[in-house]
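Biologist: I'd like to go through this model with you before I plan anything at the bench. Let's take it one question at a time.

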Amino acid sequence: MNEVLLILGMFVVTFGIRYVLFAVADNIEFPDKLKRALNYVPIAVLTAIIFPAVFMPKGELFVSTDNPYIVGAIVAVVISFWRKNMLLTVVTGLVAFAAWKWLLIG
Amino acid sequence: MQTTHNQLYSSRAKLFTLGMKDCAPLILAAIPFGIIYGALGQSTELTAWAVVAMSVFVFAGSSQFIAVGLLASGAAWPVVVLTTFFVNFRHLLYSANLLPHVKPYSQSIRAPMAFLLTDESFAVASNYLTDHGKQENFHWYYFGAALFMYLNWQVCTLVGLFIGQSIPDMANWGLDMAMVVAFIGIVVPCLHNRATLACALTAGALSLITYDWPHKTGLLFSAVAAILVAMYLEAKSAQQTNAVGRVEQGANK
């Protein structure tokens, strides 16, 4: 295993993806439609990360009251919708998750 | 003159620390990931130097995890590099989203901003920009959040390398929930109409259906499809508003 090539290669593709648009930013102007589409990126990508973590915690669909991830996520969604407070959302979501997990074991 | 200078520096320092503060919940969420990565890396044939170097030079959590997993199953380095490309491709969407906000800066500032662009730094930055709109000194805020994240990732990698193996079964504690609730805290306040709500539900449902696609391509597909659905609904509701406007205009005549 050539570790130098491995890490160099990973660095080049990762930094390349992150930098390419920034590098040419002065010479490109996105059409309006694309600009508006990009406003949806945070919602789309973050939700696509959240759902599998919650509904498929072990790689398979697990929709049940026995799944503490779902309970924690529901609490977090409700609190976030109600108070729009990040720290409160994180704390209550985690507490609900941990408490439910503990109840299931106990 | 001196006062303006001091004020300038204090406002930069304030933005920098605000970035750090806003990133704190995500830092907490990332700690177990960094430690588990270090511990997993230590258990493969990679040298400790390579495990650390990957955190220092690549700095992309999920692709580092996948790399370690692939190496453990005997994959060759070009396979890992190609997989890294696909797994990190979503960062192109992040950079496109941030583009208007980095245009004022020189390449020497844009390059480190790009290097530090992760799910977490993007999540914090986009949350801040949604609340505040275009910001003159945005980079100070961004570097506060992103450098904090970077430093934390390095420390956690080292901790994982040295003591990770002695923490029993840490990967099964469900600590990934911390990242989930942090992302929920960012997404939910953005859902204020039909288009944004449909965007989230489409992305979520498709991400479950496409979960088995290789190299996280399902994630990308789901995100792009969800954005298209949102755009369609946005155009439709704009049409309706226009139609209502025309009817009202007609009535006024």
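Biologist: Is B:Arg110 buried or exposed, and what is its relative accessible area?
Modeller: Keep in mind that this is a predicted model, where local features need pLDDT of at least 70, side-chain atom pairs count only at pLDDT 80 or more, and totals for chains, interfaces and linings use all residues. Residues are numbered from 1 along each chain as written, chains are lettered from A and ligands numbered from 1 in the order written, and side-chain values use heavy atoms, with hydrogens and water left out. Buried means under 20% relative accessible area, exposed over 50% and partly exposed in between, with a 1.4 Å probe and protein chains only. B:Arg110 falls under that cut-off, so it is buried, at 1%.

Biologist: Which residue forms a salt bridge with B:Arg110?
Modeller: A salt bridge here is a side-chain nitrogen of Lys or Arg within 4 Å of a carboxyl oxygen of Asp or Glu. The pair crosses between chains, from helix α6 of chain B to the loop between α1 (3–23) and α2 (32–38) of chain A; helices are DSSP runs of H or I, at least four residues, numbered from the N terminus. The partner counts as exposed because its relative accessibility is 54%. With the closest N and O atoms 2.9 Å apart, that partner is A:Asp26.

Biologist: Which residues are linked with B:Lys103 in a network of salt bridges?
Modeller: B:Lys103 sits in the loop between α5 and α6 of chain B and counts as partly exposed because its relative accessibility is 27%. One bridge runs from B:Lys103 to A:Glu29, at 3.1 Å between the closest N and O atoms. A:Glu29 itself is exposed, at 55%. The residues linked with B:Lys103 are A:Glu29 and A:Lys35.

Biologist: How far apart are the closest N and O atoms of B:Glu234 and A:Arg36?
Modeller: This is another cross-chain salt bridge, from helix α2 of chain A to helix α11 (residues 217–252) of chain B. A:Arg36 is partly exposed because its relative accessible area is 36%, while B:Glu234 is buried, at 19%. The closest N and O atoms are apart by 2.3 Å.

Biologist: Which side chain joins B:His91 in a polar contact?
Modeller: B:His91 lies in helix α5 of chain B and is buried, with a relative accessible area of 1%. A polar contact is a pair of N or O atoms within 3.5 Å; within protein, one must be able to donate a hydrogen and the other to accept it, and residues adjacent in sequence count only if both atoms are side-chain atoms. At 3.4 Å, the side chain that joins B:His91 is that of A:Arg18.

Biologist: What share of the area buried between chain B and chain A comes from carbon and sulfur atoms?
Modeller: Contact means heavy atoms within 4.5 Å, and 85 residues of chain B are in contact with 64 residues of chain A. Buried area is the accessible area (1.4 Å probe) that two parts lose on being put together, summed over both. The total is about 6600 Å², and the carbon and sulfur share is 78%.

Biologist: Which three residues of chain B supply more of the area it buries against chain A than any other three?
Modeller: Let's stay on the chain B side. Together the trio supplies 10% of the area that chain B buries there. The three are B:Trp77, B:Met177 and B:Leu208.

Key: Helices (H or I, at least four residues) and strands (E, at least two) are DSSP runs, numbered from the N terminus.
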